[in-house]
Amino acid sequence: MRHALGQAGISTRRFVISIRLPLLLIDILCVLTPIMTALSLYAPVFLRSDSQSIYISRQGSDWNGGRSEATAFATIQYALDRAQPGDRIFIAPGTYYERLHLRRGGTEKLPVSIKAITPGSVVITGERPENIPRGWAWREEGEGIFSTAIDQPVYRLNHSDFTCFRLPWGGSTALRKMVAKPGAWSAFCEENGRLYLYLKEGKHPATEELRTHRPAPAPREWGEFKSATVWIEADHVRLEGLHMDFGIGAAVHIGDADDVEIRDCVLTGSTFGVKSSGGEKPARRISIENCLYHNYPQYHWLKDWLSWDEVYSAYPSSSLASSVDAPLQVRNCLVTHAGDALQISPRANQDRMPTTMEGNWLAFCTDDAIEFDGDGCRIDVRNNLIYEAHQNLGFSPVTVGPIQVHNNLFAHARAGINGSQIKLINNRPSDRTQNISVRENVFVGDWLCWYNDSFFSNVVIDSNQFYVRREASPPWPKTGVEVGEHQVVIQSEPQRPEDTLAAWYHRENQPDWVHTVLDRRPGPAWFRAEDHPATKDLIFWKNRLQQLLLTVEPR
């Protein structure tokens, strides 16, 4: 009996132990799981010494391992939160409705890279799902205008492939007056919780493809938005082959970051393609290469429809890059339908690294092709093509410098929007515009120079060729501007700019730097610039100019 009871006691104890052991393991796992998750997000690099390839796919799952296309993650942010130095994040084709925040970077020798598996096939967007605007209930308001109740402020609205003009003031009354003008493009405004929309040629919005964004912060002073498709606060990061859309404020915002390269990307749906800002440490070493930015059809708003004041009050920027903190390298980029194509004025209190703008094509700009406003420290501008800008070079003002502008082509259509070739404007009496050199460039356009009564020092304009319709009296500021040897030709009956440039080219014994400007292929290699409405007119004009360079005889 005792033996039997003893056996039963042993069995009972074994049974209790067999139950308690799994329960204990479950308790341990419940404690360890959140700890390990936190460590995977925030632990230092020693947790994993090897770099790896990580894959993202619309058909993936964040429960997968992410080590191959077959086991890909579903969301880009999930991978970014786990990135370690040297990791290569490959994204499969598709549209990813994400706003990304990158806080984990690499090292000098092991950067973190985010690439499209097939360049140009990946869209990362702050857009709302496409069925949301289709659910808007439209009410006809007359004269081609429709309205709908909305559940969030709308700062950007696209009609098919182009941006609808956002009227930030005046409400529906101002919109009605604006779209009554000849040549009206699509435009919208908000009033009392309703969105009022006019589509080009009076189309009904219920039958059209409309796209807008998810909720975004309200604009700050001067209309800037603190939002982005990709927000980078990490060092040693590479973006390549991506299309970033509907960032509202910026496609890429860079702050507290060092050594960021953006290559072969399209940047749309935002005020700025790339915006750098200060923080605990200023952004530095930013490189933008072979990228495209456009805000189509901004140029047509000015040329065919609205006054300069009307366009500028709503769209004063629309820039590929804006930086007052970080030295930039901007090379082989394509910018069209912009306000200021480039806003570059790095501060003097940053390290002495130079800023270079080389080999870019900037076209159809409703304000300055290149705006320098601030310190403008150590900038070199060379071998760029500028076509159809309201102002070419805006020095307004440059308080430190130096800035060197050389071997660039500036050309403008006979019935285009060009104002001046060089703008020397300073509306801050305490500042002096200084240390600027503009040499060996060719300008074809309207006014020679636009200036005001300001203080200038060491501004050198030398060895340039100007073909313009008119000039001020006197042509240049009286003091502080040194005008060297160059030729100014007043064209009372202006020719086509390509004819003027071809004649100059042969007369000057075919300068080699002209081919350096025209023979390159700026923008993403995968983007078909000759087919897209934002870029095809520029490509057509450039090809015609090159043909003339080969055929026109010297005069």
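In the predicted model, Leu328 makes contacts, beyond residues up to four places away in sequence, with Ile286, Ala321, Ser323, Ile344, Pro354, Thr355 and Thr356. The residue belongs to strand β25, which spans residues 328-331, and its relative accessible area of 2% places Leu328 among the buried positions, because buried means under 20%. A further relation across the sequence is seen with Ser287, which is separated from Leu328 by 41 residues along the chain, although the two C-alpha atoms are 5.8 Å apart in space.

Another buried strand residue is Gln391, with a relative accessible area of 4%, located in strand β31 (residues 385-398). When neighbours within four places in sequence are set aside, the contacts of Gln391 comprise Asp367, Asp368, Ala369, Gly419, Ser420, Lys423 and Trp450.

Aromatic pairing was examined next. A pair of aromatic rings is described by the distance of the centres and the angle of the planes. The count of aromatic pairs comes to 21. One of these is formed by Phe410 and Phe443, whose ring centres lie 4.4 Å apart and whose planes meet at 5°, so that the pair is classed as stacked. The pair connects distant parts of the chain, since Phe410 is located in strand β33 (residues 409-411) and Phe443 in strand β36 (residues 442-451), with the two positions 33 residues apart in sequence. Phe410 counts as buried at a relative accessibility of 1%, and Phe443 is likewise buried, with a relative accessible area of 0%. The rings of Trp526 and Phe527 are arranged edge-to-face, because their centres are 6.3 Å apart and their planes stand at 85°, where over 60 degrees is required for this class. Within this pair, Trp526 is partly exposed at 24% relative accessibility, whereas Phe527 is buried, with a relative accessible area of 11%. In addition, a single aromatic cluster is formed by Phe165, Trp301, Trp305 and Tyr315.

Positively charged side chains are also placed over aromatic faces. Lys275 lies over the face of Phe272, at 4.8 Å from the ring centre, and Arg58 is positioned over the face of Tyr96, at 6.0 Å from the centre of that ring.

Among the sheets, an open one of three strands is arranged in the order β10-β9-β14 with antiparallel pairing. Its edge strands are β10 (162-163) and β14 (210-212), each of which pairs on one side only. Strand β9, covering residues 157-159, is joined to β10 by two bridges, and these two strands run antiparallel. At the level of single residues, Asn158 has Thr163 in β10 as its bridge partner.

Confidence in the model was considered last. The mean pLDDT of the protein chain is 89, and 89% of the residues score at least 70. Residues 12-19 have a pLDDT below 50, and this stretch has one contact in the model beyond near neighbours in sequence. Residues 35-47 also fall below a pLDDT of 50, but for this stretch 12 contacts are found in the model beyond near neighbours in sequence.

Note on methods. Residues are numbered from 1 along each chain as its sequence is written. This is a predicted model: local features need pLDDT of at least 70, side-chain atom pairs count only at pLDDT 80 or more; totals for chains, interfaces and linings use all residues. Side-chain values use heavy atoms; hydrogens and water are left out. Buried means under 20% relative accessible area, exposed over 50%, partly exposed in between (1.4 Å probe, protein chains only). Contact means heavy atoms within 4.5 Å. Rings of Phe, Tyr and Trp (its six-membered ring) pair if their centres lie within 6.5 Å; planes under 30 degrees apart count as stacked, over 60 as edge-to-face and the rest as tilted. A charge sits over a ring if NZ of Lys or CZ of Arg is within 6 Å of the ring centre and within 35 degrees of the ring normal. Two strands pair if DSSP finds at least two bridges between them. pLDDT is the predictor's confidence in each residue, from 0 to 100.
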